Amino acid sequence: MTRAGWIVLAAALAGFPWVAGEYYINLSSQIFIAAIFAASLNLLVGYGGLPSLGHACWLGLAAYLSAWMSLKFGVGHWVTAPAALLGTTLVACAFGWISLRATGLGFLMITLALSQVLWGTAYRWVSVTDGDNGLRGLTRPAPFGIGLEDATSFYYFALAITLLAVWLMAMFVASPFGAALRGTRDQPRRMNALGHDVGLIRWITFVYSGFWGAVSGLLFVYYNKYIHPASLSINTSAEALLGVIAGGSGTLAGPIVGAAIVMILKNYVSAYIERWNMLLGFVFVAIVIFMPEGVVPGTRRLVAKARKAWGRAR
């Protein structure tokens, strides 16, 4: 995208709450949260070649830690937020050490198994999580004294965090470390022979991905002011993975577009179509057939093809 295109996009995002209703503002906030979550998963799937079905661990764990500390000890968000991020990142360190003993299908199944452990714990540890009832009665933070209770304020807060997250993840993949990460994805044996520690590179990426998944979890619990064990379920991980693949893995914009597609179908279309999951399946199949590389790379390919055809016609 050109500089002018970025300026137009920034202006559109900044001015959106002034022209949209509260429903669409809230929907946009949910898309921002899903975008961070999908983009963090894309670090593993697209750039590391490590498909995971356990990414919901980080969203749910950070949300539960923040909610539990707030309700149990009555401390403010300025304590619960960093503590939840730290706790989730430490768990990601341990889970990464376990999961990365395998690759491919083995890695996928280990991440799924570990996430199911946390999901089952959230359901059964009633004294901490309140089981199927979830933790409720939560509040939103007020950074710099600015309340986030209304839809517009939270929209700008989520937008700011999303822009920061995407920028830092973009810097991560554009760095020499990101190049080494792509090398471990494409040629792990050659990277090993060149002296790179493939396991360490993947582990750092796993932990970094878990950190941003935790950030999305904090935004998730701030938005809903409620957390339920379903946030740790395989459905949450699968929706994020679906968004990454549909939008285009290994690209910065792909997971954001894919997350937006999933969230719009989940929140907007479901109001009119009872079996919206079936429609989501049809959309995904259509994307795989006509744009197997994803919506963003596929659109770029079609635009380049159209420009070339237009140039020949002229």
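Good morning. I begin with the second largest cavity, whose lining residues divide into 6 nonpolar, 6 polar and no charged. Please keep in mind that the structure before you is a predicted model.

The volume of this second largest cavity is about 50 Å³. Which residues line the second largest cavity? From the earlier part of the chain come Leu44, Ser52, Gly54, His55, Cys57 and Trp58, and the lining also includes Phe95, Ser99, Thr111, Leu114, Ser115 and Phe206. Helix H3 (56-73), helix H4 (77-99) and helix H5 (105-124) are the elements that supply two or more residues to that lining. Of the elements, H5 gives the most, with 3 residues.

Let me now turn to the cavities as a set. In total, the structure holds 4 cavities of 30 Å³ or more. The largest cavity encloses about 70 Å³ of space.

Its lining is formed by Ala39, Asn42, Leu43, Tyr47, Val166, Met169, Thr251, Leu252 and Pro255. Two elements, helix H2 (22-45) and helix H7 (151-174), each give two or more residues to the lining of the largest cavity. Which element gives the most to this lining? That element is H2, with 3 residues.

As to residue class, the lining of the largest cavity has 7 nonpolar and 2 polar residues, and no charged residues. For the second largest cavity, I repeat, the division is 6 nonpolar, 6 polar and no charged.

That concludes my presentation. Thank you for your attention.

Definitions and conventions: Residues are numbered from 1 along each chain as its sequence is written. This is a predicted model: local features need pLDDT of at least 70, side-chain atom pairs count only at pLDDT 80 or more; totals for chains, interfaces and linings use all residues. Side-chain values use heavy atoms; hydrogens and water are left out. On a 1 Å grid over the protein atoms alone, a cavity is a set of points where a 1.4 Å probe fits but cannot get out, and a pocket is an open set with protein on both sides within 12 Å along at least five of seven lines; lining residues have an atom within 4 Å of a point. Grid points are joined across faces, edges and corners, and a volume is the space filled by probe spheres set on the points. Helices (H or I, at least four residues) and strands (E, at least two) are DSSP runs, numbered from the N terminus. Ala, Val, Leu, Ile, Met, Phe, Trp, Tyr, Cys and Pro count as nonpolar, Asp, Glu, Lys and Arg as charged, and the others, Gly among them, as polar.
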